[in-house]
Amino acid sequence: SFNKGVERKLKIKIRDIYNFIGVFLLCALYFFETPISLLGTQLLIVLQIGITLCFIMAASVHGRISYSKKVYPYTLMWIMMIPFFLYGLLHSEKMVVFRILFGIIVCLFLATQDDWINNLKKMLLLFSGSAVFFTFFFWLIPSLYSYVVDFYGYYPPGTGQLKYGYRAGITAHYSQNGIFIAVFIMTLVTLILAESARKKSRYTNRLRLIIAGIAFLAFLLNGKRGTLVWCIVAIILTWFVSTEQKSKFVTRLIIIACVSVVLLQFAVENIPSLNFIVERFSELGSDNSSTDRFAMWGLAILNFTKSPLLGIGFLNFREQYSTNLAAQFIRDLTDISSYRRLDAHNVYIQVLCEMGIIGFVLYTGAIILLLKYTIKALKYFSKTQEYQYKYAAMLSFCFQIFYLLYSLSGNCLYDMTFYLYIIAMAITGALNFRIDKQRLE
């Protein structure tokens with residue numbers, strides 16, 4: 001029996017090592033996909049395979065891999081969409097398809113265990129925290145930003161060609177930096193909310209709140225209005241769904257909003273760099289970013305009417321954009337932001353255009369079901385008072401809401417933001433598997 005105990009502990013340690021490496025590489029892939037891709041897309045594929053193998057080995061330590069029935073409804077819908085996604089392999093941007101297929105596979109193996117979730121929190125804070133750090137770093141020492149430009153070989157969009165390098169940090173686009181800052185804030189604030197009722201976490205939570213406030217200043221410096229708004233809304237909705245004191249929610253929210261407005265007014269008046277975000281909001285609906293989106297949405301809807309049932313084919317909108325809109329939108333040929341092949345900047349309209357009514361029903365069905373199971377997990381672990389799992393459910397919910405809202409104006413299914421949804425889906429799968437086990441016991 002002693003030998004069996006030692007063997008069991010050894011297996012757990014081996015599983016933890018596989019999970020740690022897998023989660024570390026998954027977060028590294030998410031946050032540094034663009035820099036890694038400059039070394040070759042083959043390296044990205046090798047990383048995806050390596051991560052998958054790590055999670056397979058972790059799930060196989062105890063022998064046969066088992067699956068939770070709770071995973072099947074939304075995962076099955078993603079599997080049913082695979083034929084639509086495979087059509088995208090006909091295009092040069094194959095990484096979009098590989099990323100989605102990778103996500104489905106990873107979620108299947110991560111759903112059978114929950115040990116990796118604790119590592120995930122630390123890795124998300126570590127990698128996303130670097131976005132906050134480098135935003136301030138290049139704001140304070142702008143002369144060093146030239147090294148980032150030299151690495152990428154172009155001026156990352158949103159940086160004004162070296163003038164505002166801090167907006168993009170070390171990323172290839174200021175919108176990427178905005179998303180990573182949002183991830184840091186969501187990860188930290190949901191942790192504060194999850195542990196707000198624990199007396200021993202009060203002092204720690206105050207420190208976390210100060211850090212979150214500093215990160216929010218980095219968010220304002222970044223100047224990406226979409227990610228800013230959707231992040232705030234996602235946090236508020238997560239707070240509302242998770243709190244047991246609904247009557248106090250509105251009062252607290254109003255107080256926080258009033259204090260935030262006063263602090264924001266003070267910050268804008270004293271920090272000139274924040275004028276950019278104010279200007280961005282004042283131009284909403286009339287600037288190029290808005291009018292270009294309206295044209296893209298119109299083109300997507302027009303193409304949907306040509307093939308309403310099955311759509312025009314996954315990633316084919318990029319071809320339509322290149323043919324019909326690219327020429328009139330390219331305003332500065334020296335700027336990498338002048339892409340000749342763009343997505344529709346609204347995932348729902350683009351899915352409808354490319355995958356038709358059938359694909360749209362599968363996609364929306366999958367995301368609604370995942371939300372349903374996440375809320376169930378949140379309620380369950382709120383009752384059992386297992387804070388680490390309640391936090392995980394809250395984090396998954398927050399990431400999902402951010403993804404779904406940002407999909408109204410962004411390309412979340414088609415870019416690196418999909419990694420965030422993969423993480424959310426994996427968390428919910430693991431939590432439901434744990435619930436199944438506890439109920440059987």
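Among contacts in the protein between residues at least 6 apart in sequence, what share join residues at least 24 apart? The figure is 76%. Keep that in mind while looking around, and remember that this is a predicted model.

## The overall picture

Start with the secondary structure: the protein has 18 helices and zero strands. The chain runs to 441 residues, and 54% of them are buried.

As for the outside, the protein exposes about 20,500 Å². Carbon and sulfur atoms supply 66% of that area.

## Salt bridges across the chain

How many salt bridges does the structure hold? The count is six. One of them brings together the side chains of R15 and D115, with 2.6 Å from N to O. This pair links distant parts of the chain, since R15 sits in helix 1 (residues 2-31) while D115 is in the loop between helix 5 (95-110) and helix 6 (116-140), 100 residues apart. R15 counts as buried because its relative accessible area is 12%, under the 20% limit. D115, at 28% relative accessibility, is partly exposed.

Another salt bridge joins the side chains of R99 and E33, at 2.8 Å from N to O. Here too, distant parts of the chain are linked: R99 belongs to helix 5 and E33 to helix 2 (residues 33-37), with their positions 66 residues apart. Are these two partners buried or exposed? Both R99 and E33 are buried.

## A shorter link and a network

The side chains of E195 and R208 also meet in a salt bridge, this time at 3.1 Å from N to O. E195 lies in the loop between helix 8 (174-194) and helix 9 (202-222) and R208 lies in helix 9, so the salt bridge ties together parts that are 13 residues apart in sequence. Both E195 and R208 are buried.

There is a network to look for as well. Salt bridges link D114, E386 and R434.

## Two helix pairs

Next, the packing of helices. Two packed helices are described by the angle between their axes and the distance between the axes. Take helix 14 (residues 316-324) and helix 16 (residues 347-384): they pack at an angle of about 105°, and their axes are 9 Å apart. An angle of 65 to 115 degrees counts as roughly perpendicular, so helix 14 is roughly perpendicular to helix 16. On the helix 14 side, the contact is made by N316, F317 and R318, and on the helix 16 side by Q350, C353 and E354. These residues divide into two nonpolar, two polar and two charged.

Now turn to helix 9 and helix 10 (residues 225-242). Their axes come within 9 Å and cross at roughly 145°. Helix 9 brings F216, F219, L220 and N222 to the contact, and helix 10 brings T227, L228, C231 and I232. What kinds of residues are these? Six are nonpolar, two are polar and none is charged.

## The loop before helix 14

F314 is worth finding in the loop between helix 13 (288-306) and helix 14. With a relative accessible area of 1%, F314 is buried. Leaving aside residues up to four places away in sequence, F314 touches F84, F85, Y87, G88, H91, V96, V97, I100, E354, M355, L413 and Y414. One of these partners, Y87, is 227 residues away along the chain, yet the C-alpha atoms of F314 and Y87 are separated by 5.9 Å. E354, another of the residues F314 touches, is also part of the contact of helix 14 with helix 16.

L315 is in the loop between helix 13 and helix 14 too. At 0% relative accessibility, L315 counts as buried. L315 has a positive phi of about 75°, although it is not a glycine.

## Another positive phi

Which value does phi take at H345? It is positive, about 60°, although H345 is not a glycine. To find H345, look in the loop between helix 15 (326-329) and helix 16. H345 is buried, with a relative accessible area of 16%.

Terms used: Residues numbered from 1 in each chain as written. Predicted model: local features only at pLDDT ≥ 70, side-chain atom pairs only at ≥ 80, totals over all residues. Heavy atoms only, no water. Helix = DSSP H or I, 4+ residues; strand = E, 2+ residues; numbered from the N terminus. Buried < 20%, exposed > 50% of the residue type's maximum accessible area, 1.4 Å probe, protein only. Contact = heavy atoms within 4.5 Å. Areas by Shrake-Rupley, 256 points an atom, 1.4 Å probe, with all protein chains shown as cover. Salt bridge = Lys/Arg side-chain N within 4 Å of Asp/Glu carboxyl O. Axes fitted to C-alpha atoms, helices over the stretch in contact; angles between N-to-C directions. Parallel < 35°, antiparallel > 145°, perpendicular 65-115°, else oblique. Nonpolar A, V, L, I, M, F, W, Y, C, P; charged D, E, K, R; others polar.
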